[in-house]
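Grab a pencil and open your favourite viewer. Here is a short set of exercises on cysteines and helix packing, each followed by a worked solution.

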Amino acid sequence: MEEKKQPQPHYGGVTRRYCCLLFAAFATLLPGIRAFDYADALSKSLLYFEAQRSGRLPYNQRITWRDHSGLTDGLEQGVDLVGGYYDAGDHVKFGLPTAFTVTMLSWGVIEFGDPIADAGELEHAFEAIKWGTDYFIKAHTSANVLWAEASDGDTDHYCWQRPEDMTTSRQAYKIDKHNPGSDLAGETAAAMAAASIVFRQTNPHYSHLLLHHAQQLFEFGDRYRGKYDGSVAVVKSYYASVSGYKDELLWAALWLYKATDNENYLNYVIKNADEFGGIGWTITEFSWDVKYAGLQILASKLLVEENHRRHRLILNRYRSKAEHYVCSCLNKNNGSSNNVERTPGGLLYVRQWNNMQYVSTAAFLLTIYSDFLRESNQSLHCPAGASDHEEIFNFAKSQVDYILGSNPMNMSYLVGYGAKYPTRVHHRGASIVSYKDNKGFIGCTQGYDNWYGRLEPNPNVLVGALVGGPNYEDNFSDHRGNYMQTEACTYNTAPLVGVFAKMLELEDQKSIQDFVASY
């Protein structure tokens, strides 16, 4: 049988680079050319992942207030689990949200690699992805074993310490064929499959290694089915898998199809579409737990390819559910319960705890779907009326601009961006004097006693972190103890990397067109 040639990602076109240079030359002549500096936002968003690194930090570490940490992770269990990411303001390494973070970073590079490259940030994006996938390779110690977590929330949250001073238990927890976790195995497979596409051109050996792990993990998750929080009880209070594992298995299979072109994976997505909820669930959120909307949009994009005609019936049903999600964000479904609520200032509002995670993923999916409609010359048909690709993109942009400061509080929720942003982020490392400046040991409760309750801003700025954000009335209280609003997570920022790059690309193109038209 003839081997199918894999499409190669291409980053950064010569013409576009010249356009960006042209724009840079003209920018000084056009004051107020961009309401928001998306290039700065993109750069800062990638810096954030360096602040979240666990393990031995590299020589080119740019966040200099951090140092090595978690150097004995996995030692008690006889496995090397050094590295990876702390997912939020604590020091637990949670597998499921971290895998979703890497999937979203990878998807952003796959879709928007050119503008990321043109902004000079592609290597930093590669580094952010690889820091996660290097850890997944370590955590996948054999075909049917994946280490799910290092440390636990209850123990970790008892202390308020810098990661460099940690005295809490670093016990690790795993899933295996006797203690399954199809959701975790599926999401990690999706992350590694997506990342394999990212590295296919620049690091083919590493790409092949990631794909090997992804295929093994998918097979493991599919053969030994079960929710990972049933096997790893300590995760239930923090990252319980409410949606179950069927969305992750479909999601993983689709990413594996994109990475391999192996029809068996696509057939899995088609065959299990109904039973696993892929064409049954109408969802109004996309998150580390619930993958259906992302799956449905990814499946919809296959419809424009001629070789998928025989699956058109099922793929159109995936698309129908994808469009329910998009319509819900645009407030164009029938009935308020079928639409996402909005704050008076226009922000999508799903729930009070870390609402910005849903905003950033919505902005990402809407940007992806807008591009799909533009490229295929189609429109979106919602119960309350049709929308073209420009309307969808403009709404996604409104959410991004809200994040960056176009909101009733006149503040950026991306830390370090703009003149006003949260300064008391709920984050252990950022809230305590840097280990580089003061190597004196800070004990478990000393951090609570001496640092947690301080009214002063954090001594270290957590640049690029997207905090939980305002409440349903657009109000925000910048206090360290207000963790629902002031804690940031890796999966909040990850979708924004690609979106910022797309916003930057279109702003640059429009500015050049306007300049040329004026002469």
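The exercises below work on a predicted model.

**Exercise 1.** Find which cysteines form disulfides in the whole structure, and work out the pairing in sequence order.

*Solution.*
- Step 1: Use a cut-off of 2.5 Å between cysteine sulfur atoms. Searching the whole structure turns up two disulfides.
- Step 2: The sulfur atoms of Cys159 and Cys444 lie 1.9 Å apart, and these two cysteines form a disulfide. Cys327 is joined to Cys382, with 2.0 Å from S to S.
- Step 3: Number the bonded cysteines along the protein chain, and the pairing reads 1-4, 2-3.

**Exercise 2.** Describe the link of Cys159 and Cys444: what is its handedness, and which parts of the chain does the pair link?

*Solution.*
- Step 1: The angle about the S-S bond is -90 degrees, and the link of Cys159 and Cys444 is left-handed.
- Step 2: Distant parts of the chain are linked here, 285 residues apart. Cys159 sits in the loop between helix 5 (153-157) and strand 3 (172-176), while Cys444 sits in the loop between helix 16 (428-431) and helix 17 (446-452).
- Step 3: Both Cys159 and Cys444 are buried.

**Exercise 3.** Now do the same for Cys327 and Cys382: where do they lie, and is each buried or exposed?

*Solution.*
- Step 1: With -85 degrees about the S-S bond, this link of Cys327 and Cys382 is left-handed.
- Step 2: Cys327 belongs to helix 13 (residues 312-330) and Cys382 to strand 6 (residues 380-382), so the disulfide ties together parts 55 residues apart in sequence.
- Step 3: The cut-off for buried is under 20% relative accessible area. Cys327 has 2%, so it is buried. Cys382 is buried too, because its relative accessibility is 9%.

**Exercise 4.** Explain why Cys329 is not bonded to Cys327.

*Solution.*
- Step 1: Cys327 holds the cysteine sulfur closest to that of Cys329, but at 9.3 Å this is too far for a bond.
- Step 2: Cys329 is buried, with 1% relative accessible area.
- Step 3: Cys489 is in no disulfide either, as its nearest cysteine sulfur, in Cys329, is 20 Å away.

**Exercise 5.** Characterise the packing of helix 14 against helix 15.

*Solution.*
- Step 1: The axes of helix 14 (residues 356-376) and helix 15 (residues 389-404) come within 8 Å and cross at roughly 155 degrees. Therefore helix 14 is roughly antiparallel to helix 15.
- Step 2: Their crossing is left-handed.
- Step 3: The contact includes Leu366 and Leu373 from helix 14, and Phe393 and Ile403 from helix 15. By class, it has twelve nonpolar, four polar and one charged residues.

Conventions:
Residues are numbered from 1 along each chain as its sequence is written. This is a predicted model: local features need pLDDT of at least 70, side-chain atom pairs count only at pLDDT 80 or more; totals for chains, interfaces and linings use all residues. Side-chain values use heavy atoms; hydrogens and water are left out. Helices (H or I, at least four residues) and strands (E, at least two) are DSSP runs, numbered from the N terminus. Buried means under 20% relative accessible area, exposed over 50%, partly exposed in between (1.4 Å probe, protein chains only). Axes are lines fitted to C-alpha atoms, for helices over the stretch in contact, and angles run from 0 to 180 degrees between N-to-C directions. Angles under 35 degrees count as roughly parallel, over 145 as roughly antiparallel, 65 to 115 as roughly perpendicular and the rest as oblique. A crossing is left-handed if the near helix is turned anticlockwise from the far one by less than a right angle, and right-handed if clockwise. Contact means heavy atoms within 4.5 Å. Ala, Val, Leu, Ile, Met, Phe, Trp, Tyr, Cys and Pro count as nonpolar, Asp, Glu, Lys and Arg as charged, and the others, Gly among them, as polar.
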